[in-house]
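Hi there,

I am passing a structure on to you, as promised. Please have a look at it first, and then read my notes below.

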Amino acid sequence: MPKSTPFPDIQVLLGDESAFARRTVRSMLEQCGIRQIIEASDGADALNDAFGQRQVSTIYAQANQYRVVLEAMSQYRSDPSRLARLYV
C-alpha cells in the first residue's frame, strides 16, 4: 500500500541563489512526500522563452556576421492575460 502524505495537493516554489540549498530543500520535501516542487528558475526560463528574445543562429558572410534572433510576436507579448497560458 503506498504511503500517503499529509499534504497531497501542496505545491512548493523553491527560490534560492544556491543550487546546493535548492537540492537540499527539494530532497527534504520529497522525503516528506511532496511531489509538486517548482524552482523559481523554471518560471524565469518559461517567462524568458515566452516573452524574451533568443539568439538562434549566426549567419557568417565574408566580411560580416548576422545574428538571427527569435522573439514572440507583439500580439502575444502585449496582453498580460497570456501569462495564464504558460506552463512551468
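What share of the contacts in the chain with a separation of 6 or more comes from residues 24 or more positions apart? The share is 43%. Please keep in mind as you read that this is a predicted model.

Here is the general layout. Three helices and four strands form the chain, and from the N terminus on they follow the order β-α-β-α-β-β-α. The chain has 88 residues, of which 11% are buried. Its exposed surface comes to about 7500 Å², with 54% of that supplied by carbon and sulfur atoms.

Next, the interior. The largest nonpolar core has five residues: Val 12, Leu 14, Leu 29, Ile 34 and Ile 37. Ile 34 is a good residue to click on. Setting aside neighbours within four places in sequence, Ile 34 is in contact with Val 12 and Leu 29, and also with Ile 10.

Leu 29 also takes us to helix 1, which covers residues 19-31. Does its length fit what one would expect, and what is the expected span? With 13 residues at 1.5 Å a residue, helix 1 should span 18 Å, and its end C-alpha atoms are 18 Å apart, so the two agree. At the start of this helix, a side-chain oxygen of Ser 18 comes to within 3.3 Å of the backbone nitrogen of Phe 20. After helix 1 comes Gly 33, which has a positive phi, near 95°.

Happy exploring, and best wishes!

Note on methods
Residues numbered from 1 in each chain as written. Predicted model: local features only at pLDDT ≥ 70, side-chain atom pairs only at ≥ 80, totals over all residues. Heavy atoms only, no water. Helix = DSSP H or I, 4+ residues; strand = E, 2+ residues; numbered from the N terminus. Buried < 20%, exposed > 50% of the residue type's maximum accessible area, 1.4 Å probe, protein only. Contact = heavy atoms within 4.5 Å. Areas by Shrake-Rupley, 256 points an atom, 1.4 Å probe, with all protein chains shown as cover. Core = buried A, V, L, I, M, F, W, Y, C linked by side-chain atoms within 4.5 Å. Expected span 1.5 Å × (residues − 1). Polar contact = N/O pair within 3.5 Å; in protein donor to acceptor, adjacent residues only side chain to side chain.
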